[in-house]
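Biologist: Please take a close look at the largest cavity in this chain. Which residues are closest to its centre?

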Amino acid sequence: MPAPSLSLQSVPLTKPDGSPLTPEITLTFGASRTGLVGQNGAGKSTLLRLLSGAAPALGHIDRQASTGMLAQAWDDLSLTVREAAGMGAALARLARIERGAPLEDDIDLADWEAPARLAEALARVGLGAVEGTPLSQLSGGQRTRVGLARLLLEAPDILLMDEPTNNLDRAGKALVSRLLAEWPGGAVVASHDRALLAQMDRIVELTPTGIHLTEGGWQAHAKARAARRSRAATELERATRAEARIQRDIQAQREKKAQRDARGRAARASGGQPKVLLDAKADRAGRTSGSDARRAARLEAAGEAARAVAAAHVSPTRSLRIDAEAGRGGAVVLSLEAVTLRRAGFLLGPLTFSLSAGERVALTGPNGAGKSTLMAALRDQISPASGQLATTPRLAALDQQIGDLDPNASILENLHRLAPHLTPQEAQALLARYGFRNTAANAPVGQLSGGERLRAGLAATLGGTPPALLLLDEPTNHLDIETVELLETALQSFTGALLVASHDEAFCAALGLTREIAL
């Protein structure tokens, strides 16, 4: 019997309107663990939907394996944990039997091991006896754990996961990692979590020009990606030089023709040669000129095509710089003295700590420890219940919403809303610094790529004021890996103070954080 697998044969990934995201893909998923990467909008979620059972627009999918998609969100939060885990009907059947009121087929269909299997699955994902608890009473991370428990109970041949570690703390991420390591079947995981991708057996990167498959985990893929980009840049340089050489040759031919034409006109004007001879020369010149023009057009088109093909495989060079207000050595930019915070019945504190200019500090703690509550207080969104809190006026914040941008408004409209003190000229100048020049500033935020959205969010968040302290509250949650790397590079050269709340260990390591405040 063949091993369980899903095979795509000439299947393109497309947007809902039918426009292509990738060329046709031919690829097989089996017992290995495959990581899916690519820029936001590259088609990762689309591919997972196809693997889970959706019909492709073109091509064929040979489905020789069962699949299970990790559920992370439910439309109906009134569902109990047992119902969300897919055990509601089985447990209700047993309850009717125990009451002495079974339906006609309850005895035949009864799963007597259902309570024990559900309890075991919930225990494996770190949830206790919560079978009857509504999902509305659970945190986002706990709901993801319920989805993991459902996968354990369904036991499909191939797991399908779309950003499974988003919104999970370190313990939750370790749980997902452990489940994947112990899973006896295959898995296809779309993720920007580089620690999770490191344990994959292979990486598939989706791009508009096709897929790139690397055997091994993230480190192997990153190395292969760098080599591929270097080759693509070299090929683009070669094609650009070749196109320039063709243009020079064509121009030289045009200049020679112009010289010949000038000599012919001079000979005709002098009358020194018979008219019949001059007419014959003119006819030959005309035919040669037409042939040369057609040849030049073919060469020009071929050169442009070669350069365009090479350019399509080169990722655009992106850079980002975040200016900071110069801080004096030892100057305090944040101070809390016996601060307590109350929010929706949650009490945090008392907290006493400070940050100095240029410090890089990690704010850590499990989900529910109060990191977002503290960040809200530092942003003056809630007031302390007691104690003294002081921050530098040069404070900016970047969260997972990337500056609270309205996707239906333009970049410029968002900036005017979030930084109303800027004049129209100052707003245009600021956006130009972040790469949005002239009409580019009028692009709707919802149409931006991940990197563009980050640059727009930083422009709107900073509002033209260099910060002395930058608060980062899970800023990488919805960014693709390349955009995270762009942000890392910008923050590595940032000279202001950083307070970072993030469960992305690779991101925190790249920032060189030197101190930890644990909640």
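Modeller: A residue is called buried when its relative accessible area is under 20% (1.4 Å probe, protein chains only). By that cut-off, 43% of the 519 residues in the chain are buried. The model is predicted, so local features need pLDDT of at least 70 and side-chain atom pairs pLDDT 80 or more, while totals for chains, interfaces and linings use all residues. Residues are numbered from 1 along each chain as its sequence is written, and side-chain values use heavy atoms, without hydrogens or water.

The chain has 16 helices and 17 strands (DSSP runs of at least four residues, H or I, and at least two, E, numbered from the N terminus). Of the contacts (heavy atoms within 4.5 Å) between residues at least 6 apart in sequence, 70% join residues at least 24 apart. The chain exposes about 25800 Å² (Shrake-Rupley, 1.4 Å probe), with 51% of that area from carbon and sulfur atoms.

Now the cavity itself. One cavity of 30 Å³ or more is counted (points on a 1 Å grid where a 1.4 Å probe fits but cannot get out). The largest cavity has a volume of about 120 Å³, taken as the space filled by probe spheres set on the points. It is lined by 16 residues (an atom within 4 Å of a point), and those closest to its centre are Val-37, Gly-38, Gln-39, Ile-481 and Glu-482. Helix H9 (218–270) and helix H15 (481–492) are the elements that give two or more residues to this lining. H9 supplies the largest share, three residues. By type, the lining divides into four nonpolar, six polar (Gly among them) and six charged residues (Asp, Glu, Lys and Arg).

Key:
1 Å grid on protein atoms, 1.4 Å probe; cavity = no way out; pocket = protein on both sides within 12 Å on 5 of 7 lines; lining within 4 Å. Buried < 20%, exposed > 50% of the residue type's maximum accessible area, 1.4 Å probe, protein only.
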